[in-house]
Amino acid sequence: MDLTAFKALSFDCYGTLIDWETGIAAVLSPWAREQGLSLSDEELLLAYGTQEAAVQAATPSALYPEVLASAFRLMGSALGREVSDEWARRLGDSVPDWPAFPDSADALARLASHYQLIILSNVHRAGFAGSNRQLRGDFAAIITAEDVGAYKPAENHFRALDRELGSLGVERSELLHVAQSLFHDHVPAKREGLPSVWINRRRDRPGWGATPEPSGDFSYDLEFGSMGEFADAVDKTF
């Protein structure tokens with residue numbers, strides 16, 4: 001792949017730039033201890049992830065804090081425990097506090113010298129605004145689930161992306177999608193005919209974590225273990 005052939009990069013944010021699993025586990029783990037559940041963070045994330053995807057599909061217009069709270073309650077029910085309104089709110093309000101991966105801000109700054117950067121995220125505007133205080137990203141466009149009334153892997157984000165590309169003077173063939181989630185991003189990227197880069201943040205861990213196992217056809221053109229590795233490859237190419 002010739003990385004100099006692209007003019008823009010579209011990014012998934014949570015899982016790729018923001019460590020959402022650490023952020024979610026920071027709420028799920030103390031709740032589980034309070035409930036007397038001897039479950040590891042990985043086990044809790046697995047139990048949670050399938051519920052979040054189901055809530056997103058069933059209530060596509062719900063804001064992300066509502067999705068988080070509903071998924072938490074469903075996870076609790078599946079584990080035979082109740083999730084109080086206070087705990088549900090705690091998870092729903094936690095998005096701005098989720099940590100950025102240590103390499104994300106530097107990698108974005110380096111990539112911005114070569115490409116226009118676009119966010120394509122399954123969160124709400126306020127949540128991403130909080131996250132971007134850590135990322136300090138200079139984004140040409142920001143597309144959230146709140147903007148499009150749906151959650152990836154639905155097509156809504158990608159239709160909005162098409163409209164943004166026109167306003168940015170970028171052809172579809174000049175866009176590269178960059179994401180961690182095979183389920184949320186690489187399946188629809190394949191469907192949309194978009195080349196993509198897999199940021200495999202879970203390379204050293206088995207299982208899917210908070211992301212459901214991909215249920216559709218997917219592919220990716222390049223794989224890196226971090227945003228830093230990807231930015232290094234881009235810098236060397238240019």
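**Helix α8, a buried aspartate and two helix pairs**

In this predicted model, the residues of helix α8 that are buried are H157, F158, A160, L161 and L165. Around the helix axis they cover an arc of only 155°, which places them on the same side of α8. A general rule helps in reading such a pattern: an α-helix has 3.6 residues a turn, so residues three or four places apart point the same way. The face of α8 turned away from the buried side looks quite unlike it, for there the exposed residues R163, G166 and S167 are found.

What do the buried residues of α8 pack against? Their partners include the strands β1 (8-11), β2 (116-121), β3 (141-144) and β4 (175-179), together with the helices α7 (145-148) and α9 (182-192). The length of α8 can be checked as well. Helix α8 runs over residues 156-168, and at 1.5 Å a residue its 13 residues should span 18 Å; the C-alpha atoms at its ends are 19 Å apart, so the two values agree. Just after α8 comes G169, whose phi is positive, at about 70°.

Helix α9, one of the elements that the buried side of α8 packs against, holds D185. Is D185 buried or exposed? Its relative accessible area is 0%, and because buried means under 20%, D185 counts as buried. Leaving aside residues up to four places away in sequence, D185 touches D12, K152, H177 and A179. By contrast, 17 Å separates the C-alpha atoms of D185 and F230, which are 45 residues apart along the chain.

Two helix pairs that share α3 complete the picture. Helix α1 (residues 20-34) packs with helix α3 (residues 64-78) at an angle of about 45°, and their axes are 13 Å apart. The two helices are therefore oblique to each other, and their crossing is right-handed. On the α1 side the contact is made by W20, V27, L28 and W31, and on the α3 side by Y64, F72, M75 and G76.

Helix α2 (residues 41-58) also packs with α3, here at an angle of about 125° and with the axes 8 Å apart. This pair, α2 and α3, is therefore oblique, and α2 passes α3 in a right-handed crossing. From α2, the residues L44, A47, Y48, Q51, E52, V55 and Q56 take part. They meet Y64, V67, L68, S70, A71, F72, L74, M75 and A78 of α3. Y64, F72 and M75 of α3 thus appear in the contact with α1 and in the contact with α2.

Terms used: Residues are numbered from 1 along each chain as its sequence is written. This is a predicted model: local features need pLDDT of at least 70, side-chain atom pairs count only at pLDDT 80 or more; totals for chains, interfaces and linings use all residues. Side-chain values use heavy atoms; hydrogens and water are left out. Helices (H or I, at least four residues) and strands (E, at least two) are DSSP runs, numbered from the N terminus. The expected span of a helix is 1.5 Å times one less than its number of residues. Buried means under 20% relative accessible area, exposed over 50%, partly exposed in between (1.4 Å probe, protein chains only). The arc is that of the directions from the helix axis to the C-beta atoms. Contact means heavy atoms within 4.5 Å. Axes are lines fitted to C-alpha atoms, for helices over the stretch in contact, and angles run from 0 to 180 degrees between N-to-C directions. Angles under 35 degrees count as roughly parallel, over 145 as roughly antiparallel, 65 to 115 as roughly perpendicular and the rest as oblique. A crossing is left-handed if the near helix is turned anticlockwise from the far one by less than a right angle, and right-handed if clockwise.
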